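Reader: I'd like a close look at one part of this model, the largest pocket and the strands around that stretch of the chain. Which residues line the pocket, and how do the strands pair up?

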Amino acid sequence: MTVVEMPEQGEIILATVSKVMDQGAYVTLDEYEDVRGFLHISEIAPGWIRSINRYVKNGEKKVLLVKKVNPDRGDIDLSLKQVSKDQKKQKLKEVKKFEKGKTLLQNVKEKAEISDKEIEKLEDKIYSKYDSVYDAFIAIGRDGIDSVKDLKLAKKTATVIEEICSKIKLPSVEIRGIMEITSTKTDGVEIIKKILLGVLKKDSSMDITYLGAPKYRLAVTSDNFKSAEKSLKPVIAEIQTGIEKKKGTFKFTREESKKTRDN
């Protein structure tokens, strides 16, 4: 007898709408093979729904909350309206990572010429240390193949993974702001230039763009916001100290931070 895996109450899942009716819609759970659930009309959106097809259509993918599970009867009650924007965003991000991971493993299988069974074993090893295959490959791309020595990968497989990881665009973030720098000295331009070039030589993650006197944009790129902030603070302090020692003025105004690539 085959035991069908079921989701847990409170879980956020991705599902595909398979049949829309007046009282709701049946869906298939993408992460659970051959498992169906029901989305009642009262759980689709707040208030009275005049036309259910405005909210759900056959073939559409929806991020849903598992409200209730009855394993004996195989019934799964779902909700769309109880899923927050953040939960939806996080779930879609997880699914995207999972799909990327599948593609990466397929590349390893083809290039290393290994069997499905060996790929399954590799996947198990990766999940023993990382939350996803994609996270593992990003870590290897950033820290090198030696960072996963403890996984005891076969030499050929490790070489292929290293090659694939070297071509992955690593996720990064950028924080930036506008510096307003002035100097009344006759060689003020040279003073400012010398201080800014000194900073750039020390840290390759920094970028300074001249916007027109007295403004310069300072940008820091890193793999996460915390490390970017850590790099930014001492740089601002160094520039400010250097300028003020030369009797100049310094002001820094933060701009909106952003992800430079999707992670």
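Author: Let's start with the hairpin, keeping in mind that this is a predicted model. Strand 7 runs into strand 8 by way of a hairpin of 2 residues. Strand 7 covers residues 206-212, and its pairing with strand 8 is antiparallel, with 6 bridges. In that pairing, Gly-212 sits opposite Lys-215 of strand 8.

Strand 8, residues 215-222, has another partner too: strand 6, residues 173-182. That pairing is again antiparallel, and it counts 8 bridges. If you want a spot to look at there, find Ile-175, which faces Val-220 in strand 8. So much for the strands.

Now for the pocket. The largest one comes out at a volume of about 250 Å³. Its lining takes in 15 residues, and the ones closest to the centre are Val-189, Ile-192, Lys-193, Tyr-210 and Tyr-216. As for which elements supply the lining, those giving two or more residues are strand 6, helix 5 (188-202) and strand 7. Helix 5 is the top contributor, with 7 residues.

You'll probably care about the chemistry of that lining as well. By residue class, the lining splits into 11 nonpolar, 3 polar and 1 charged. Lysine counts as charged and tyrosine as nonpolar in this scheme, so among the residues closest to the centre, Lys-193 falls in the charged class and both Tyr-210 and Tyr-216 in the nonpolar one.

Technical notes. Residues are numbered from 1 along each chain as its sequence is written. This is a predicted model: local features need pLDDT of at least 70, side-chain atom pairs count only at pLDDT 80 or more; totals for chains, interfaces and linings use all residues. Side-chain values use heavy atoms; hydrogens and water are left out. Two strands pair if DSSP finds at least two bridges between them. Helices (H or I, at least four residues) and strands (E, at least two) are DSSP runs, numbered from the N terminus. On a 1 Å grid over the protein atoms alone, a cavity is a set of points where a 1.4 Å probe fits but cannot get out, and a pocket is an open set with protein on both sides within 12 Å along at least five of seven lines; lining residues have an atom within 4 Å of a point. Grid points are joined across faces, edges and corners, and a volume is the space filled by probe spheres set on the points.
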